[in-house]
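Welcome! Below are some short exercises, each with a worked solution, to help you find your way around a new structure. Take a look first, then work through them one by one.

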Amino acid sequence: MTTESVTAKPESPARVAPSVLAGIGAFAAVGVYVLVSSIELGLWTSLGPGPGLFPFAMGAVLAAMSVVWLLQELRRPSETAEGVDRALVIAVVVSLVILAAVMDLLGFQLSMFLFLMYHLKLRGGRAWPSSLITSLAGSVGAFYAFNYGLNVALPVSAFPLLNTIGL
Amino acid sequence: MDIFNELMGGFAAAMTWQNLLFAFLGCLLGTIIGVLPGIGPVAGVALLIPLTLNLDATGAIIMLCAIFYGTAYGGTITSVLLNTPGEAASAITTIDGYAMTRIGKAGAALTIAAVGSFVGGTIATLGLVAAAKPLGELGLLVGPPEFFALMVVGISLLVALAGKSMVKAVISGALGLLIAMVGIDPVAGAPRFTFGMDRLLDGVSFVAVIVGVFGLSELLSYRKGSATPNVHAPNLRSLLPTGKEWRRSAPAMARGTGIGFGLGLIPGMTGSVSSLLSYGAEKKFSRYRNELGKGAIEGVAGPETANNSHANAALIPLFTLGIPASPTIAVLMGAFLQQGLTPGPTLFTEHSDIAWAIIASLFIGNLLLLVLNVPLVGLWTSILRVPTTILTALILLFMVIGAYTINFSVFDVFVMIGFGLLGLALRHLDIPLAPMVLTLVLGPLMERSLRESLEISQGDFSIFTSRPISAVLIGLGLLIIFSPLLKLRKPKALNEDPET
């Protein structure tokens, strides 16, 4: 027996990652919510299965599987995946939400132009000419290609001033 | 003769200039998706569904099918030139494909891969022609109980798509079914899980969900450090393989066609499994097996033929039985449904003209890809030189347009963003996404047929066992579902399948 083996502490069991616990909790909560809601919808009618039967079964499956997953994790915690690039996630999601919120107001061309400029120039650090050309092609170019080429109408601005200049 | 006439009618419909244009555009876009690492075929097909919403059903499905098998061609290019598979089914091609690039034989590798893909794809499509009529005639015998039984077989494929954890796969499948249930109940007309929002009465848009879960979440999970690759296209003269290379490739293509076709018919098997097993077959049976791994042409010809043969053969269960054999085919099935076509036995009785036009277009598409792929290799490689920031911005642009144009409402853009975050969370928790797309597509069909059947039988469940076709199919579905309990081991290739 070496000194090392005497002094080394036994390896503490790995713990369940908080994100995994949060995930299991969320799935269990959704399962229980669906179970309760589907009973209100009605499980069986005189004609056969009611609108709540299928969701009831799925809610039960989701809740039960969440419990099984929790038990599996408690017995042997799984390795968590690598973290995400938070800056990228925030930049993409927030810019998409803003774009969706203003698209009907500013129109597709202007809002998409600003969105692309943000991703190419501000976030991507591309040169001005490359950013401007790509943004114009992706906004004005896409608008005309979809409207006249594919007969798919993209939104125009709700502001009369912008509308009159073709935005 | 009957089949021949129907197929000729299909060719006549598929060869209008509009449908040829759709097939051409589909091949082009599919190859680009295949070339771009990071966008898999599932996200790619979903992303491009909105482009087809305003087209007639035949043109739309022709274009989406071309996108689907175009990805299988495109994935090869980066595997051979960059050692980076554009899509999972081409991963094994990197071994000998890239080794051939290093010894100056990239052109021959790409040509053999394209010819192998053409051979495999065309032979598998001939199989579809042969199977279509006899299986399509089943359509006359299919009522709600049989349809429900088919859906049970379809849902049972969740077992094959489970990846590492069955529990996580079932969670993913249940989530897909719950998402599909949002909106007006198809039989009683009661609103379900709409939270008082009128916009949800029609349900959550399938396209917005798929684009979010597969496309946006993939983009959100990108990591830093992906530099623009330095890639050189081979010149035209080097694209011609030598006589010896042709002779060596022929047996590998034959084996690849057989493996891809056989596995493509089995729901739950993905193209990756076919290409892996084909490479395994070359290691065992090729006369030049000792050269494999060092730039042997068989290592490219076999797997590339197999994955394209698989892609086309996997359309047989979809067209004839309505069973999506892989996640990408499930998305394709969703596109059929959006166009008012229900794939399966009834397709050939109710929309025979459309079905045969699509089948004919598969032959045309395979030929187009052969013609497009090799000479345009310089164009495909130039796409890889586009900086990541520009590609990301353009992909986001397509996602927004795709989500918006479903109902011409920004509500669907918000839905896409929400499901993008859900997809990111599922990826982080290592929950497979494939079962979700399967149940999302099959769930509503399954529920409707279950409830219609039970209304016919006035609540008596024996309707499913008293009719021979449904009894056999339900038995088969249950056997697949409970196969893990019978200790039936999954092949190693299936456990390591990157597509699940």
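**Exercise 1.** Decide whether B:Gln458 is buried or exposed.

*Solution.* Begin with the cut-offs: buried means under 20% relative accessible area, exposed over 50%, and partly exposed in between, with a 1.4 Å probe and protein chains only. B:Gln458 has a relative accessible area of 71%, so this residue is exposed. Next, locate B:Gln458: it sits in the loop between H20 and helix H21 (463-466) of chain B. Helices (H or I, at least four residues) and strands (E, at least two) are DSSP runs, numbered from the N terminus. Finally, check the backbone: phi of B:Gln458 is positive, near 55 degrees, although the residue is not glycine.

A word on the ground rules: this is a predicted model, where local features need pLDDT of at least 70, side-chain atom pairs count only at pLDDT 80 or more, and totals for chains, interfaces and linings use all residues. Residues are numbered from 1 along each chain as its sequence is written, chains are lettered from A and ligands numbered from 1 in the order in which they are written, and side-chain values use heavy atoms, with hydrogens and water left out.

**Exercise 2.** Find where B:Phe408 lies and how accessible it is.

*Solution.* B:Phe408 belongs to the loop between H18 and H19 of chain B. Its relative accessibility is 38%, so B:Phe408 is partly exposed. B:Phe408 is not a glycine, yet its phi is positive, at about 55 degrees.

**Exercise 3.** Work out why B:Cys65 is not bonded to B:Cys27.

*Solution.* A disulfide is a pair of cysteine sulfur atoms within 2.5 Å. The search of the whole structure gives zero disulfides over all chains. For B:Cys27, the nearest cysteine sulfur is that of B:Cys65, 11 Å away. That distance is too far for a bond. Both residues are buried: B:Cys27 has a relative accessible area of 0%, and B:Cys65 has 0% too.

**Exercise 4.** Test the length of helix H10 (residues 243-265) of chain B, then look for a bend.

*Solution.* The expected span is 1.5 Å times one less than the number of residues. For the 23 residues of H10(B) this gives 33 Å, and the end C-alpha atoms are 33 Å apart, which agrees. Now the bend, which is the angle between axes fitted to the seven residues ending at a residue and the seven starting there. At B:Ser249, H10(B) bends by about 30 degrees, and B:Pro251 follows within four residues. Buried residues of H10(B) include B:Arg248, B:Ser249 and B:Ala252.

**Exercise 5.** Describe the second largest cavity.

*Solution.* On a 1 Å grid over the protein atoms alone, a cavity is a set of points where a 1.4 Å probe fits but cannot get out; lining residues have an atom within 4 Å of a point. Grid points are joined across faces, edges and corners, and a volume is the space filled by probe spheres set on the points. The count is four cavities of 30 Å³ or more. The second largest has a volume of about 70 Å³. Helix H4 (57-82) and helix H6 (106-136) of chain B each give two or more residues to its lining, and H6(B) gives the most, with four. Among the lining residues are B:Tyr73, B:Leu110 and B:Glu304.

Terms used
On a 1 Å grid over the protein atoms alone, a cavity is a set of points where a 1.4 Å probe fits but cannot get out, and a pocket is an open set with protein on both sides within 12 Å along at least five of seven lines; lining residues have an atom within 4 Å of a point.
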